[in-house]
Amino acid sequence: MDGISESSPLAKPARLAPLSKNPASKASVEHFFREKKIKELLQDLTSDLAVNQPDDPSRYLYEKIGSFFGLAPPPANAADDVPDMSSQRSCSFRVHVECVGQEKSARAHFVRRATFKDADALLLNAWRAEGSKMVMQVVGACLGEEPGAPTQPMDQQLDALRERIKELEDQASMLEREAGMLREAIANVPPPAPPAPA
């Protein structure tokens, strides 16, 4: 296979066995694809391939997906060390957001793409606004907020933080007073009587 070993990440994957005809299995697969937005991810990758039309689609996809997850690129020739951006025909905006809280977690993947000639400041600012909204939604989901619920204005958030700080300071003062009283009580305890001679 063009000098690519079977253990290489660029090797063609083995065929998977077909899904059983079990309707529960099909429903769970459909649920998984819908929940994890697999269709959108594959459409994004297909669109990327169509726009950029790389000479080596397998390597291109490996590098795209690998760079997203921080994987090392596959071994390259010395001539390939510097990426050739001349083949890029689009600019893209990609955001992967993952928030893990004490009780809930949430994640989202956001991709927008345009040709270089269409990527003006207006479009990039619109992408920035969309990306910011997605970050807020993921954090909101992690906090247990209902989707679409209005976020607290910054002034209210700061006021809530100030209140919490005041509560903690009051608790600290109370604990310090209790600790002082305990220290005083310990200091006023008479020393134990010496043991009686036997």
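**Exercise 1. Work out how Phe 33 is placed and which surface patch it helps to make.**

Start with accessibility: Phe 33 counts as partly exposed because its relative accessibility is 38%, the class between buried (under 20% relative accessible area) and exposed (over 50%), with a 1.4 Å probe and protein chains only. Keep in mind that this is a predicted model, where local features need pLDDT of at least 70 and side-chain atom pairs count only at pLDDT 80 or more, while totals for chains, interfaces and linings use all residues. Residues are numbered from 1 along each chain as its sequence is written, and side-chain values use heavy atoms, leaving out hydrogens and water.

Next, find the element: Phe 33 belongs to helix H1, residues 23-35. Helices (H or I, at least four residues) and strands (E, at least two) are DSSP runs numbered from the N terminus.

Finally, look at the partners. Together with Phe 32 and Leu 42, Phe 33 makes a nonpolar surface patch of about 280 Å². Patch members have over 30% relative accessible area and no salt bridge; nonpolar side chains (Val, Leu, Ile, Met, Phe, Trp, Tyr) are joined within 5 Å, like charges within 9 Å. The areas come from the Shrake-Rupley method with a 1.4 Å probe, and for residues only the protein chains shown count as cover.

**Exercise 2. Describe the protein chain as a whole, beginning with the order of its elements.**

Count first: there are five helices and two strands. Reading from the N terminus, their order is α-α-α-β-β-α-α.

Then turn to burial and surface. Of the 198 residues in the protein chain, 16% are buried. The chain exposes about 16,300 Å², and 59% of that comes from carbon and sulfur atoms.

Last, take the contacts (heavy atoms within 4.5 Å). Among those between residues at least 6 apart in sequence, 49% join residues at least 24 apart.

**Exercise 3. Is Val 100 buried or exposed, and which residues does it touch?**

Place the residue: Val 100 lies in strand E1, which covers residues 90-100. Its relative accessible area is 65%, so Val 100 is exposed.

Now list its neighbours. Leaving aside residues up to four places away in sequence, Val 100 touches Ser 105 and Cys 142. For a distance along the way, its C-alpha atom is 10.0 Å from that of Ala 141, which is 41 residues away along the chain.

**Exercise 4. Examine the salt bridge of Asp 48 with Arg 94.**

Recall the rule: a side-chain nitrogen of Lys or Arg must be within 4 Å of a carboxyl oxygen of Asp or Glu. This gives seven salt bridges.

In the bridge between Asp 48 and Arg 94, the closest N and O atoms are 3.0 Å apart. The pair links distant parts of the chain, 46 residues apart, with Asp 48 in helix H2 (residues 38-52) and Arg 94 in strand E1.

Compare the two ends: Asp 48 is buried at 2% relative accessible area, whereas Arg 94 is partly exposed at 29%.

**Exercise 5. Locate the salt bridges of Glu 167 and Asp 170.**

Take Glu 167 first. Its partner is Arg 164, with 3.2 Å between the closest N and O atoms. Both lie in helix H5 (residues 154-187), three residues or about one turn apart. Glu 167 is partly exposed at 40%, and Arg 164 is partly exposed at 42%.

Asp 170 bridges to Lys 166, the closest N and O atoms being 3.0 Å apart. Because these two are four residues apart in helix H5, about one helical turn separates them. Asp 170 is partly exposed at 39%, and so is Lys 166 at 46%.
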